[in-house]
Amino acid sequence: GNMEPKILIPVDDSPTAHATIDAVIALKNRFPKKITLLYVINKEQLAYRMIPDFQVEMVKENAQKAGKILLDRYLLKLTEAGFEPETILKTGSPREVITDIANEDGFTLLVIGRHEGGGEIRDVLFGSVANFVLHNVRCPVLLF
């Protein structure tokens with residue numbers, strides 16, 4: 001079988017996620033060419049605003065578009081650095097989606113950034129999410 005490790009890197013648009021991708025690029029000789037980026041559209045944040053029913057689809061579509069644009073930007077950067085990235089775009093609770101994909105799709109390593117310092121409420125992926133994921137994924141976790 002193919003012994004190439006499967007590496008999952010959850011990203012969002014936070015400074016932490018950008019720094020994590022930069023760190024992976026800086027260490028590219030230590031990583032396989034093929035890596036998978038995962039962006040989770042946070043379902044809770046979508047439902048957070050009181051949205052009239054007729055606008056819900058539009059809000060969902062906009063979130064999908066924004067997620068795709070973000071992934072494409074990371075994709076371009078990683079491709080230019082010599083990686084062969086794949087992307088996954090999902091909607092749900094980030095902590096649960098990240099954990100499920102890591103566990104069910106046979107990933108051998110999860111790479112996640114730690115948010116240094118506090119204060120940025122919206123840098124949510126790398127606070128409580130990182131903690132939850134650390135305790136719930138079966139594969140090793142590399143923290144940047």
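Let's start where two helices meet: helix 4 and helix 5 cross each other in a right-handed way. The residues in that contact divide into 5 nonpolar, 4 polar and 2 charged. Keep in mind as you look around that this is a predicted model.

How close do the axes of helix 4 and helix 5 come, and at what angle do they cross? Helix 4 covers residues 94-104 and helix 5 covers residues 128-136; their axes come within 9 Å and cross at roughly 30°. Angles under 35 degrees count as roughly parallel, and helix 4 and helix 5 are therefore roughly parallel to each other. If you want to find the contact on screen, look on helix 4 for P94, R95, E96, I98, T99 and N103. Their partners on helix 5 are S128, V129, F132, V133 and N136.

Now let's step back and take in the whole chain. The protein chain has 5 helices and 5 strands. Follow the sequence from start to end and you'll pass through the pattern β-α-β-α-α-β-α-β-α-β. There are 144 residues in the chain, and buried ones make up 40% of them. Here's another way to picture the fold: take the contacts with a separation of 6 or more, and 82% of them are between residues 24 or more positions apart.

So what do the strands do? Strands of a sheet pair through backbone hydrogen bonds, either parallel or antiparallel. In this model, an open sheet of 5 strands is laid out in the order 3-2-1-4-5, and the pairing is parallel. Strand 3 (84-92) and strand 5 (141-143) each have a single partner strand, so they stand at the edges, with one side of each left without a neighbour in the sheet. Going from one strand to the next, the twist averages 25°.

Let's zoom in on strand 2, residues 34-42. On one side, 9 bridges join strand 2 to strand 3, and the two run parallel. You can spot one facing pair there: K34 stands opposite E84 in strand 3. Helix 4, the helix we began with, packs on this sheet too, touching strand 1 (7-10), strand 2, strand 3 and strand 4 (109-112). The direction of helix 4 makes about 150° with that of strand 2. Strand 2 also pairs with strand 1: 3 bridges join them, and they run parallel. Is strand 2 buried or exposed? Of its 9 residues, 8 are buried, so strand 2 is largely enclosed by the rest of the structure.

A good residue to click on in strand 2 is T36. In the pairing with strand 1, L8 stands opposite T36. Buried means under 20% relative accessible area, and T36 is buried because its relative accessible area is 8%. Which residues does T36 touch, not counting residues up to four places away in sequence? They are I7, L8, I9, E86, I88 and F107.

Back to helix 4 for a moment. Its buried residues are P94, V97, I98, T99, I101, A102 and N103. Compare that with the contact with helix 5, and you'll find P94, I98, T99 and N103 in both places. After helix 4 comes G106, with a positive phi near 65°.

Next, have a look at P5, which sits in the segment before strand 1. P5 has 34% relative accessibility, so it counts as partly exposed. Not counting residues up to four places away in sequence, P5 touches P32 and T108. Although P5 and L109 are 104 residues apart along the chain, their C-alpha atoms are separated by 7.3 Å.

Our last stop is another pair of helices. Helix 1 (residues 15-26) packs with helix 3 (residues 53-80) at an angle of about 15°, and their axes are 10 Å apart. That angle makes helix 1 roughly parallel to helix 3. The crossing of helix 1 and helix 3 is right-handed. Helix 1 brings A17, H18, I21, D22 and I25 to the contact, while helix 3 brings Y74, K77 and L78. By class, the contact of helix 1 with helix 3 has 5 nonpolar, 1 polar and 2 charged residues.

Conventions. Residues numbered from 1 in each chain as written. Predicted model: local features only at pLDDT ≥ 70, side-chain atom pairs only at ≥ 80, totals over all residues. Heavy atoms only, no water. Axes fitted to C-alpha atoms, helices over the stretch in contact; angles between N-to-C directions. Helix = DSSP H or I, 4+ residues; strand = E, 2+ residues; numbered from the N terminus. Parallel < 35°, antiparallel > 145°, perpendicular 65-115°, else oblique. Left-handed = near helix turned anticlockwise from the far one by under 90°. Contact = heavy atoms within 4.5 Å. Nonpolar A, V, L, I, M, F, W, Y, C, P; charged D, E, K, R; others polar. Pairing = 2+ DSSP bridges. Buried < 20%, exposed > 50% of the residue type's maximum accessible area, 1.4 Å probe, protein only.
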